[in-house]
Amino acid sequence: MGAIQIASLLLLAGFVWSQATHGAAAAGTTVFTLRNNCTHTIWPATLSGNTAAAVGGGGFELSPNATVSFPAPAGWSGRLWARTGCVAPPATAGAAGAPSRLSCATGDCSGAASCTLGGSPPVTLAEFTLGGADGKDFYDVSLVDGYNVGIGVAATGARVNYSTCGYAGCVGDVNALCPPELQMAASVAEAEAAGGDGASAPAPAPAATTTTVACRSACEAFGTAEYCCTGAHGGPKTCGPTKYSRLFKAACPAAYSYAYDDPTSTFTCGAGAQYLITFCPGHQ
């Protein structure tokens, strides 16, 4: 990712965030703002790792160019991701007419509209631990479970030191680079519904034509210890990068490409930061 592109993303982050979280930093509240920069509707989802609190209600619909903001409790740890190609079965309305069930082409959480389980791989994850060691926030974007859409995470707010609070994310289009053995394909019609950075179809094609809507991790595709960092490869000294993780890393240098990719993939920020999570950040 080039310095100019990072700078433009941070500038956009600061503008959107200033509109969405006025006063949040002063109150000491961590607020997540999610922006859909994709050309299609997505269904963001959240999953808490250390509390029963379902931030953002666990999931919701987000139209192109729309933003949604919600707070996270102190010490919250969890993940966020995008679901694509979602369809609500008939007669499944919940509170306020929102669907209680949802079937998604990527990132599905066992058919629930509000997730209490993780997204089905392959899926790009934004991961957070707020107020961790030394009171710092830890955050990253991970491709360890594969990739469906790009995600960018920018820390912002009056208390943020931009020299230390880095931009985490995946701006590159992994779907376009995905090798055949890792591709998750769908028909052109399904791909148009699923969207994503690499799921747009070429000109009209026969119904049988398929395209890539997500890219699996090598662990999911092959299930071996080498790729899953298990067994004899279950530690940082014995589990290193592979040709597949290097492909992910080349496309997304600021994202996790395999389980022990910590040095270039985990970011920290002091207390009081606010966070803008952008889906499809490469679409400016």
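A residue counts as buried when its relative accessible area is under 20%. In this predicted model, Cys 229 passes that test, and so does Cys 239. The two are joined by a disulfide, with the sulfurs 1.8 Å apart. Its torsion about the S-S bond comes out at -55°, which makes the link left-handed. Both cysteines sit in the loop between α5 (225–228) and α6, so this disulfide ties together parts that are just ten residues apart in sequence.

That bond has company: the disulfide count comes to eight. Another of them pairs Cys 165 with Cys 269, at 2.0 Å between the sulfur atoms. Here the S-S torsion is about 85°, so the link is right-handed. Cys 165 belongs to the loop between β7 (151–156) and β8, while Cys 269 is part of strand β11, so the bond bridges a stretch of 104 residues in sequence. Cys 165 and Cys 269 are both buried. Then there is Cys 170 with Cys 252, whose sulfurs lie 1.8 Å apart. Because Cys 170 is in the loop between β8 and α2 (174–177) and Cys 252 in the loop between α6 and β11, this pair connects parts 82 residues apart in sequence. Again, both Cys 170 and Cys 252 are buried.

Back at the Cys 229–Cys 239 link, a tyrosine joins the picture. Tyr 260 is in the loop that runs from α6 (243–251) to β11 (267–269), and its contacts beyond four places in sequence are Cys 229, Gly 234, Gly 235, Pro 236 and Cys 239. Tyr 260 thus touches both halves of that disulfide. Its C-alpha is 9.9 Å from that of Thr 238, a residue 22 places away in sequence. With a relative accessibility of 27%, Tyr 260 counts as partly exposed.

Right beside Tyr 260 in the sequence, Asp 261 makes a salt bridge to Lys 249, with the closest N and O atoms 2.9 Å apart. Asp 261 lies in the loop between α6 and β11 and Lys 249 in helix α6, so the bridge ties together parts twelve residues apart in sequence. Asp 261 and Lys 249 are both buried.

The structure holds three salt bridges, and Arg 79 takes part in a network of them with Glu 127 and Asp 145. The closest N and O atoms of Arg 79 and Glu 127 are 3.5 Å apart; this bridge runs from strand β4 (residues 77–83) to strand β5 (residues 125–129), across 48 residues. For Asp 145 and Arg 79 the corresponding distance is 4.0 Å, and the pair links the loop between β6 (137–142) and β7 to strand β4, 66 residues apart. Arg 79 is partly exposed at 27% relative accessibility, and Asp 145 is partly exposed as well, at 25%.

As for the sheet, five strands line up as β3-β1-β12-β7-β8 in an open arrangement with mixed pairing. The edges are β3 (67–72) and β8 (168–169), each of which pairs on one side only. Within the sheet, β1 (residues 30–36) and β12 (residues 274–279) run parallel and share five bridges, with Leu 34 partnered by Ile 277 of β12.

The largest nonpolar core takes in 45 residues, and those with the most contacts inside it are Phe 32, Phe 128, Tyr 139, Val 153 and Tyr 275. A second, separate core has eight residues, among them Ala 45, Ala 112, Cys 115 and Leu 125.

How values were computed
Residues are numbered from 1 along each chain as its sequence is written. This is a predicted model: local features need pLDDT of at least 70, side-chain atom pairs count only at pLDDT 80 or more; totals for chains, interfaces and linings use all residues. Side-chain values use heavy atoms; hydrogens and water are left out. Two strands pair if DSSP finds at least two bridges between them. Helices (H or I, at least four residues) and strands (E, at least two) are DSSP runs, numbered from the N terminus. A nonpolar core is a set of buried Ala, Val, Leu, Ile, Met, Phe, Trp, Tyr and Cys residues joined through side-chain atoms within 4.5 Å. Buried means under 20% relative accessible area, exposed over 50%, partly exposed in between (1.4 Å probe, protein chains only). Contact means heavy atoms within 4.5 Å. A disulfide is a pair of cysteine sulfur atoms within 2.5 Å. A salt bridge is a side-chain nitrogen of Lys or Arg within 4 Å of a carboxyl oxygen of Asp or Glu.
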